[in-house]
Amino acid sequence: MTRTNPTTKINLSYVALHLQGVAVKAIVKRMIQTSVAVGGSIALLMSIAPAASAAAARARDGHCDDGEFCLYHGLDYSGSVSDFSGSIPNYGDSQPGCYEYKGAGTGQGECAKNNAKSARNLTHIYVVKVYYNSNYKGRDFAFNPGGQGNLDFLGKQNASQLYELVS
Ligand SMILES: [Ca+2]
């Protein structure tokens with residue numbers, strides 16, 4: 001008993017030290033991973049933030065800005081504009097809560113669903129498809145990056161829009 005106790009103690013302290021070492025290693029590893037991750041996030045944020053925050057700050061402000069997709073109440077980009085920064089599964093057709101026209105001009109404040117006649121795609125990397133039905137169903141009319149035009153057969157028949165990365 002007297003012999004085994006010191007041995008046990010030694011073993012236990014060795015185990016404790018070993019565990020501490022493992023724990024310290026794990027903590028250091030985690031710190032490195034975290035700092036790499038944080039560094040990576042910061043780098044990513046720095047590269048994305050200017051465009052993303054600028055677009056986010058400008059979307060839904062009634063101005064069709066670079067990087068946005070815009071619906072117009074009238075033909076040939078006339079009337080009020082509704083400016084977007086992403087896919088919309090359902091524009092909505094009643095207030096409150098619908099995506100409405102924001103810009104000055106005819107249609108301002110009206111819901112955009114089944115109420116658009118033209119569109120502009122000022123995104124650089126997305127094909128934006130406008131659909132006849134909600135949730136990206138039915139016939140669609142596609143606008144390439146930089147594309148614009150009247151909605152043709154989808155005039156006042158627009159229900160949703162889908163952003164698709166140009167492949
Ligand atoms: Ca805008």
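Student: In this predicted model, is N114 buried, partly exposed or exposed, going by its C-beta neighbours inside 10 Å?

Tutor: N114 has 14 C-beta neighbours inside 10 Å. A residue is buried at 20 or more such neighbours and exposed at 12 or fewer, with partly exposed in between. The count for N114 falls in that middle range, so N114 is classed as partly exposed.

Student: Where does N114 lie, and what value does its phi take?

Tutor: N114 belongs to the loop between β2 and β3. Most residues other than glycine have a negative phi. N114, which is not a glycine, has instead a positive phi, near 50 degrees.

Student: Which two residues are joined by a cis peptide bond?

Tutor: Most peptide bonds are trans. In the loop between β2 and β3, where P96 has its place, there is a cis bond with an omega of about -5 degrees. The residues that this cis bond joins are Q95 and P96.

Student: Is D152, in the loop between β6 and β7, buried or exposed?

Tutor: D152 also has a positive phi, near 55 degrees, although D152 is not a glycine. Within 10 Å there are 11 other C-beta atoms, and the cut-off for an exposed residue is 12 or fewer. D152 is therefore exposed.

Student: How many helices and strands does the chain have, and in what order do they run?

Tutor: The secondary structure comes to one helix and seven strands. Read from the N terminus on, the order of the elements is α-β-β-β-β-β-β-β.

Student: What are the edge strands of the four-stranded sheet?

Tutor: This open sheet has the strand order β2-β1-β3-β6, with antiparallel pairing. An edge strand here pairs on one side only, and this holds for β2 (81–84) and for β6 (148–150). Neighbouring strands of the sheet are turned by 15 degrees against each other on average, direction ignored. The edge strands are thus β2 and β6.

Student: Which residue of β6 stands opposite R120?

Tutor: Strand β3, residues 118–121, pairs with β6 in the antiparallel sense over three bridges. Opposite R120 in β6 stands Q148.

Student: Why is one side of β5 and of β7 left without a neighbour in the sheet?

Tutor: Three strands form this open antiparallel sheet, in the order β5-β4-β7. β4 (residues 126–133) pairs with β7 (residues 160–165) over six bridges, and five bridges join β4 to β5 (residues 137–143). One side of each of β5 and β7 is free of a sheet neighbour because both stand at the edges, each with a single partner strand.

Student: Which residue in the hairpin of β4 and β5 takes a positive phi?

Tutor: Across this strand pair, V130 stands opposite F141 and Y131 stands opposite D140. The hairpin has three residues between the strands, and a positive phi near 55 degrees is found there at N135.

Student: Which strand gives the most residues to the largest nonpolar core?

Tutor: The largest nonpolar core has 20 residues, and those with the most contacts inside it are C70, L71, Y72 and A119. At least two core residues come from each of β1 (69–72), β2, β4 and β5. Y72 touches, among others, Y77, V81, A116 and A119, leaving aside residues up to four places away in sequence. The strand that gives the most to this core, with four residues, is β1.

Notes:
Residues numbered from 1 in each chain as written. Predicted model: local features only at pLDDT ≥ 70, side-chain atom pairs only at ≥ 80, totals over all residues. Pairing = 2+ DSSP bridges. Axes fitted to C-alpha atoms, helices over the stretch in contact; angles between N-to-C directions. Core = buried A, V, L, I, M, F, W, Y, C linked by C-beta atoms within 7 Å. Contact = placed C-beta atoms within 7 Å.
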